[in-house]
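Please examine the structure shown below. The explanation that follows moves from the ligand surroundings to the overall architecture and then to one helix pair.

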Amino acid sequence: MIATRRLTRIAAALAGAAVLTTALSAQARELSVSTVLPDAFPWGQAAEKWAELVEERTEGRLTLRVYPNSQLVNGDQTREFSAMRSGLIDAAVGSTINWSPQVPQLNLFSLPFFMPDVEAVDAVTGGEAGEMVFEAIESRGVVPLAWGENGFRQLSNSQGPIDEPADLEGLKIRVVGSPLFQDTFTALGADPTQMSWADAKPALTTGAVDGQENPLSVFDVARIDQVGQEYLTLWNYMNDPLVFAVNQQVWDSLSEEDRSVLRETAVEAGEWEIAMTREEESERLAAIQERGVEVTELTEAQHQAFVEATADVHEEWTSRIGEELVDTAREAIEAR
Ligand code: X2X
């Protein structure tokens, strides 16, 4: 009798615990967020900021857990978009470059010498062209929410100053795993090698490659100068925006309220990170120069020589990206 009563009590307690667990999990839902760079970099900070704001505004109902270093795709950043589309990853703050193998329209931002300044970038992302890019992402099962920014990508190398295409002749340059970069650097006479960010620093350290291209914040935080990259050319040849996005099924499963919180916090975190990245550029450049890196700025004529050397790449990739999108972006840039 006593034993039965105890069993009943245990059963009741277990049932209670089960109800509680269900209630808790219904209350607190965790979404995984992939990034390439961790929070020592503005990119990782953008994701952390998003997580912070979401937690605050949903009072813990929704939690974003950030997984940096492309760890959810074993370091292969070009698989991030597919992993998010298939639901292996719930969300990401990702680079347009890394997603461009799956979303050709994202190559818009990597067209060499197409976006001269931050105003051009804002005119594109904030206008009709930006909407077209977001539609292209959405049509592939991922919901884009907001823009962030990795920054204008600058060229560094270990061999000498670069101020004309001929200086790149035969230089082994690490590029990201996107075919457009292969074409741009081949057109410039360099010898491009595609590899992930995880492999880049070791390759620079051993001298397996002579150079790389990345925004100043990445060069600075990752201390790229310490692996022999003593020459830096400021050529603003492309800008690398980030996109905050969520898998479509995950999005559909959220309440309307949580969706608006996710969207508005992504926009806020993105604006915060873009402003910070841009504000810090000049300090970063000064810090890099102080560490002994020789910085080359291009004259208008030198810049033009690079533009001409990559004109065919521009033309070829325009058809892959879509004439209409490229034209819409060009108009926005001209009218900025
Ligand atoms: O791999 C790179 O160069 C990085 C970190 O900038 C990107 O993920 C695009």
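In this predicted model, the residues around the ligand are Val36, Leu37, Gln77, Ser95, Ile97, Asn98, Asn150, Val176, Trp197, Asn214, Val218 and Asp240. By class, this shell comprises six nonpolar, five polar and one charged residues. The charged member is Asp240, while Trp197 and Ile97 are among the nonpolar ones.

The protein that surrounds the ligand has 336 residues, of which 45% count as buried. Its secondary structure comes to 14 helices and 10 strands. Taken along the principal axes, the C-alpha atoms fill a box of roughly 95 × 45 × 30 Å. Among contacts between residues at least 6 apart in sequence, 76% join residues at least 24 apart.

Two packed helices are described by the angle between their axes and the distance between the axes. One pair to consider in these terms is helix α5, residues 118-125, with helix α14, residues 323-334. Their axes come within 8 Å and cross at roughly 130°. An angle over 145 degrees would count as roughly antiparallel, and one of 65 to 115 as roughly perpendicular; α5 and α14 are therefore oblique to each other. The crossing in which α5 passes α14 is right-handed.

On the α5 side, the contact is made by Ala120, Ala123 and Val124, and on the α14 side by Ala329, Ala332 and Ile333. The residues of this contact divide into six nonpolar, no polar and no charged.

Conventions: Residues are numbered from 1 along each chain as its sequence is written. This is a predicted model: local features need pLDDT of at least 70, side-chain atom pairs count only at pLDDT 80 or more; totals for chains, interfaces and linings use all residues. Axes are lines fitted to C-alpha atoms, for helices over the stretch in contact, and angles run from 0 to 180 degrees between N-to-C directions. Helices (H or I, at least four residues) and strands (E, at least two) are DSSP runs, numbered from the N terminus. Angles under 35 degrees count as roughly parallel, over 145 as roughly antiparallel, 65 to 115 as roughly perpendicular and the rest as oblique. A crossing is left-handed if the near helix is turned anticlockwise from the far one by less than a right angle, and right-handed if clockwise. Two residues are in contact if their C-beta atoms, placed from the backbone, lie within 7 Å. A residue is buried if 20 or more other C-beta atoms lie within 10 Å of its own, exposed if 12 or fewer, and partly exposed in between; C-beta atoms are placed from the backbone. A residue is near a molecule or strand if its C-beta atom, placed from the backbone, lies within 6 Å of it.
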